[in-house]
Amino acid sequence: MIGYGNKKIWVLPGVYKPAEDSFLMVEAVLKELRPSDRVLEIGAGSGIVSAFIKDRASVIAIDISPCAVKCAKLNGIDVIRADLFDGIKGRFDLIVFNPPYLPSGEKIGDWLDFAWDGGEDGQATINRFLRQVKDCLTENGRFLLLVSSLSGVDAIMERMTSLGFIVEELLSERYFFERLVVLRGRMKE
Ligand SMILES: C[S@@+](CC[C@H](N)C(=O)[O-])C[C@H]1O[C@@H](n2cnc3c(N)ncnc32)[C@H](O)[C@@H]1O
């Protein structure tokens, strides 16, 4: 179990242990969230981000990993197992994703690989997410996406712009070996 803010979060084996990226996303969400928002979290992991959202707005979460789904449920999150937006019907005011963003290295060979492995350049899952997210956003909906200097912040911002989003850096933090940034995307009016 780990503690953050006023929360105690169970972390089961095979599930991403909340770290600096998770905490930065929690802070970004608390800055961005409006009580009227209907929220979707992709890649819930332990459920730490949704646990903070749940106190303030309605949220459902998704993860591809059965271990993560079990763990997020244990932490009281309404979560389903799916690959990104597969099977999701309806639109959301806010979509949140702390994705796997590391360029492929050695695989562990279990569900935890899905927590880190972002493909050859670290952007594989991010790019799939960006191609699909618009179809699940309400008219004035926005999304928060955590990215790292290890997978190329500028390239991802450029891709978001070319897909028709207005992009802003909502929050960022520099660490010893990387810079983490929470990007906010919304459709151009
Ligand atoms: C970096 S972890 C973040 C976990 C948690 N949100 C946090 O901040 O601590 C990424 C999560 O995304 C999930 N994930 C990876 N690819 C996915 C996909 N295609 N669809 C749904 N979830 C996915 C992983 O299983 C993992 O739980």
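# Notebook: fold, core and ligand shell

**Contacts and overall form.** I began with the contacts in the protein chain that have a separation of 6 or more, and residues 24 or more positions apart account for 60% of them. I note here that this is a predicted model. I then went through the secondary structure, which comes to six helices and nine strands. The radius of gyration is 15 Å, and the globule rule gives 16 Å for 189 residues, so the chain is as compact as a globular protein of that length. I also looked up the box filled by the C-alpha atoms; along the principal axes it is roughly 40 × 40 × 30 Å. Of the 189 residues, 43% count as buried.

**The core.** Which residues touch the most other members of the largest nonpolar core? I found M25, V29, I95, V96 and V182, in a core of 54 residues. Strand β7, residues 137–148, gives this core its largest share, six residues. I picked I95 for a closer look. Beyond its neighbours within four places in sequence, I95 is in contact with L40, I42, V133, C136, L137 and F143.

**Strand β7.** Why is β7 largely enclosed by the rest of the structure? I counted its buried residues: nine of the twelve are buried, so the strand is largely enclosed. Next I checked its partners. Strand β6, residues 92–97, runs parallel to β7, and five bridges join them. In β7, L144 is the residue opposite V96. V96 had already come up among the core residues that touch the most other members. With strand β9, residues 179–187, the pairing of β7 is antiparallel and takes seven bridges. There I found L145 opposite L183 of β9.

**Strands β8 and β9.** I followed β9 to its other pairing. Nine bridges link β9 to strand β8, residues 165–174, and the two run antiparallel. S172 stands opposite V181 in β9. A hairpin of four residues makes the connection from β8 to β9.

**The ligand shell.** How many residues surround the ligand? I get 24, and the closest are S22, G43, G45, I64 and S65. I then asked which elements give two or more residues to this shell: they are α1 (20–32), α2 (48–54), β4 (58–63) and α4 (113–116). By type, I sorted the shell into 15 nonpolar, seven polar and two charged residues.

**Helix α3.** I turned to α3, residues 66–74. Its buried residues include C67, A68, V69, C71 and A72. What do the buried residues of α3 pack against? They pack against α2, β4 and β5 (79–81). Two of these, α2 and β4, I had already listed for the ligand shell. After α3 comes G76, with a positive phi near 85°.

**L84.** I looked for a positive phi in a residue other than glycine and noted L84, near 45°. Most residues other than glycine have a negative phi. L84 sits in the loop between β5 and β6. Is L84 buried or partly exposed? I count 19 C-beta neighbours inside 10 Å, so L84 is partly exposed. Buried would take 20 or more.

**S151.** My next stop was the loop between β7 and α6 (153–162), where S151 is found. S151 counts as buried because 21 C-beta neighbours lie inside 10 Å. I checked what it touches beyond residues up to four places away in sequence: Y101, P103, G118, D121, G122 and Q123. I took the C-alpha distance from S151 to D121, one of these. The two are 30 residues apart in sequence and 6.3 Å apart in space.

**S36.** Last, I went to the loop between α1 and β3 (38–42), which holds S36. Is S36 buried or exposed? I find 8 other C-beta atoms within 10 Å, so S36 is exposed. From S36 to S58 I get 8.1 Å, C-alpha to C-alpha, with their positions 22 residues apart in sequence.

Notes. Residues numbered from 1 in each chain as written. Predicted model: local features only at pLDDT ≥ 70, side-chain atom pairs only at ≥ 80, totals over all residues. Core = buried A, V, L, I, M, F, W, Y, C linked by C-beta atoms within 7 Å. Contact = placed C-beta atoms within 7 Å. Pairing = 2+ DSSP bridges. Near = placed C-beta within 6 Å. Nonpolar A, V, L, I, M, F, W, Y, C, P; charged D, E, K, R; others polar. Rg over C-alpha atoms; globule rule 2.2 N^0.38 Å.
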